[in-house]
Amino acid sequence: MSLDPSTPKTGRLSSTYCTTDSEPTDRRTACWRETLSRTFGAVDIAVPDHLCSGAVRTAPLGRLRVATVESGPLRVWRTSRLIARGGDAPLVVKLLARGAARVEQDGRVAVLDGGEIVFCDMARPIRMEFSRPFQTKSIVLPRRLLGLRDSDLQRITATPIRPDTTLGSLLSPFLTKVVDSAATYPPRTGEALAHNVVDFLTALAEEQLRQDVGESPSGTGVLVLRIQAFIDRHLAEPHLTPAAIARAHQISVRYLHKLFQAEDTTVSRWIQRRRLQECRRELARRQVEGRTVAAVARRWGFTSAAHFSRAFRAVYGMSPTEWRNSAATSGSRTHPLPKGAPAEPEAGAPRCRHAGPPAVRRRAHLVGEAGAAAGCCEKVPGPHALDRMASPAK
């Protein structure tokens, strides 16, 4: 397969363009398989009537990669045998820009039309079929960057994200623009944009998880929301324990653990996850330049800097210092907001103190008065459902 590494005149990063056009007909299928495997992880392919025509353009974007694929009809699959060989097993967020596709993963089948988006986890078997010529635009990223558990990723794969949904309507043109122009950005801009992309995708994943659990929480669900809001208000307290939480809500510790078991987590893991999210946001802010990583960790309730660093790396795949430095390379830790995203309130302006992750805030919003009781002050100006998507790690 011919390679055409190119450096756009407007940028300093190079893109790589691969096409089957210059290959002998009997070699095209093998070359196309090799190219797709280098881009997304090892795959097998089948091409109707042994005809193959396709092209891939890839470019780096900070810690991410972007890829545009154009091809004729094609079937692609990744089996347990291929996964066992090792190598990259990234998460791929794929926009079908043109054509039609069928994606099978984790017991679900997604039939995609143009403009729809789907999560594909290359750590598990997957099958994709494109029945006619198509074009896709993909973000390829390490699975851990979104901070989601494997069980959560399994709930959102092979689920179409329609362009007529709130996040879908924002992400589809944004993803298209990012993929098409990634090679034109200098490294600092690429790093800053990569942070925004990760936050966009995290918000999108959490929206999918919220829809998966249903729109209307039960009475037990409302209690969980209240407890989660209580945790958010007391995150900075190092002695926030299950016993203290249970006592504040007049329930037993055993019942508290049962409530969080239904959420597929534990009380302690929830607290740690929320603390890590707040530390991640704060480490990327310009206002904390003079504050050490250990000081940020203490601010959010971590009593051991070493434990904080290990937990941060386990979730995000890098150390807190590496995360802070990657944000610093942008030249400013205040990154531009995507068009249409809500702005942060001005310094000193009142805003909701319910600092939970977007999925929790949205669920609180759904239950009306119960949401207000949970600590989500809906009448106070400021970002709610889209704030995580709008700006990186604050």
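**Close-up views of a predicted model**

**Figure 1. Strands S2 and S4 run side by side in the antiparallel sense.** Four bridges join strand S2 (residues 15-19) to strand S4 (residues 54-61), and the pairing is antiparallel. This view, like the others, comes from a predicted model. To find your way into the pairing, start at Tyr17, whose bridge partner in S4 is Arg57.

**Figure 2. Strands S4 and S5 make a hairpin.** Here S4 meets strand S5 (residues 64-71), again in the antiparallel sense, over eight bridges. One handy pair to look for is Gly54 with its bridge partner in S5, Ser71. Two residues lie between the strands of this hairpin, and Gly62 in the turn has a positive phi of about 60°. As you follow the strands, keep in mind that side chains in a regular strand alternate between the two faces of the sheet.

**Figure 3. Helices H9 and H11 cross at roughly 90°.** The axes of helix H9 (residues 267-283) and helix H11 (residues 305-316) come within 11 Å of each other. With that crossing angle, the two helices are therefore roughly perpendicular. On the H9 side, the contact is made by Gln272, Leu276, Gln277, Cys279, Arg280 and Leu283. They meet His307, Phe308, Ala311, Phe312, Val315 and Tyr316 of H11. Sorted by class, the residues of this contact are eight nonpolar, three polar and one charged.

**Figure 4. The largest cavity has a volume of about 160 Å³.** A search of the whole structure turns up four cavities of 30 Å³ or more, and this view takes you into the largest of them. Its lining has 13 residues, and Leu36, Phe40, Val76, Lys94 and Met128 are the ones nearest the centre of the cavity. Two or more lining residues come from each of helix H1 (25-40), strand S6 (74-78), strand S7 (91-98), strand S11 (126-130) and strand S12 (134-141). The lining of the largest cavity consists of 11 nonpolar residues, one polar and one charged.

**Figure 5. The second largest cavity holds about 80 Å³ of space.** Its lining is made up of Arg63, Leu64, Leu145, Glu191, Ala194, His195, Val198, Met318, Trp323 and Ser326. Helix H5 (187-213) and helix H12 (320-328) each supply at least two of the lining residues. H5 gives the most, with four residues. By class, the lining of the second largest cavity has six nonpolar, two polar and two charged residues.

Note on methods
Residues numbered from 1 in each chain as written. Predicted model: local features only at pLDDT ≥ 70, side-chain atom pairs only at ≥ 80, totals over all residues. Heavy atoms only, no water. 1 Å grid on protein atoms, 1.4 Å probe; cavity = no way out; pocket = protein on both sides within 12 Å on 5 of 7 lines; lining within 4 Å. Points joined across faces, edges and corners; volume = space filled by probe spheres on them. Nonpolar A, V, L, I, M, F, W, Y, C, P; charged D, E, K, R; others polar. Axes fitted to C-alpha atoms, helices over the stretch in contact; angles between N-to-C directions. Parallel < 35°, antiparallel > 145°, perpendicular 65-115°, else oblique. Contact = heavy atoms within 4.5 Å. Pairing = 2+ DSSP bridges.
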